[in-house]
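Hi there,

Here is the structure I said I would pass on. Please have a look at it first, and then read my notes underneath.

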Amino acid sequence: MMAGKSISLKEMAIEIEAALEEYSEEVTEETKKVVKQVAKNAVAKLKQTSPKKTGVYAKGWTSKVAYESNEDIRIQVYNRKKPQLTSVLENGHAKQNGGRVAG
């Protein structure tokens, strides 16, 4: 048995709760950092792999924090230069004289 001051169950519960809260905050902050890095990597990959006929579309990719709270973060990845092309390039479209262009 350990020598020293004993604590009540209530005090122990308070200490455990405080430690878990601190751990939760650390995990949340680290998760937010990872989410931001994933968005940054996604933008870099999109810039690298997008069609580059004029380069405007490829250069238009960016991200922004759409929402952030103490427990949550949402990041939007979008094309600020040619947002209308995203759906057409990903999903394809109908040709004027029939048929489809693949995405």
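**What I found**

Buried residues make up 15% of the 103 residues in the protein. Please keep in mind that this is a predicted model.

Let me begin with the overall build. The protein contains three helices and four strands, and along the sequence they follow the pattern α-α-β-β-α-β-β. The radius of gyration is 25 Å, whereas a compact globule of 103 residues would have one near 13 Å. Along the principal axes, the C-alpha atoms fill a box of roughly 85 × 25 × 25 Å. Among the contacts with a separation of 6 or more, 32% are between residues 24 or more positions apart.

Next, the surface and the charges. The protein exposes about 8600 Å², and carbon and sulfur atoms supply 55% of that area. There are 18 positive and 13 negative side chains. If you plan to look at the electrostatics, how far apart do the centres of the two sets lie? The answer is 24 Å.

Now to the strands. Strand 1 covers residues 61-68 and runs antiparallel to strand 2, with seven bridges joining the two. Together they form a hairpin, with four residues between them. Two of the pairings are easy to pick out in the viewer: Thr62 has Tyr78 of strand 2 as its bridge partner, and Tyr67 stands opposite Arg74 in strand 2.

I then went through three residues one by one.

Ile73 belongs to strand 2, which spans residues 73-79. Is Ile73 buried or exposed? Its relative accessibility is 12%, and buried means under 20%, so Ile73 counts as buried. Leaving aside neighbours within four places in sequence, Ile73 is in contact with Lys32, Val35, Lys36, Val65, Tyr67 and Glu68. Of these, Val65 and Tyr67 fall within the 61-68 range of strand 1, while Lys32, Val35 and Lys36 fall within the 9-49 range of helix 1. Thr28 is 45 residues away from Ile73 along the chain, and their C-alpha atoms are separated by 9.5 Å.

Pro51 sits in the loop between helix 1 (9-49) and helix 2 (56-59). With a relative accessibility of 45%, Pro51 counts as partly exposed, because that value lies between the 20% and 50% cut-offs. Which residues does Pro51 touch, not counting those up to four places away in sequence? They are Tyr57, Ala58 and Leu89. Lys95 is 44 residues from Pro51 in sequence, and the two are 19 Å apart in space, C-alpha to C-alpha.

Ala102 is found in the segment after strand 4 (100-101). Its relative accessibility is 68%, and exposed means over 50%, so Ala102 counts as exposed. Between Ala102 and Glu90 there is a separation of twelve residues in sequence and 8.3 Å in space, C-alpha to C-alpha.

For a quick tour, you could start at Ile73, buried at 12%, go on to Pro51, partly exposed at 45%, and end at Ala102, exposed at 68%.

Happy to talk it over whenever suits you.

Best wishes

Conventions. Residues are numbered from 1 along each chain as its sequence is written. This is a predicted model: local features need pLDDT of at least 70, side-chain atom pairs count only at pLDDT 80 or more; totals for chains, interfaces and linings use all residues. Side-chain values use heavy atoms; hydrogens and water are left out. The radius of gyration is taken over C-alpha atoms; the globule rule is 2.2 Å times the number of residues to the power 0.38. Buried means under 20% relative accessible area, exposed over 50%, partly exposed in between (1.4 Å probe, protein chains only). Contact means heavy atoms within 4.5 Å. Accessible areas come from the Shrake-Rupley method with a 1.4 Å probe; for residues, only the protein chains shown count as cover. Lys and Arg count as positive and Asp and Glu as negative; His and the chain ends are not counted. The place of a charge is taken as NZ of Lys, CZ of Arg, CG of Asp or CD of Glu. Two strands pair if DSSP finds at least two bridges between them.
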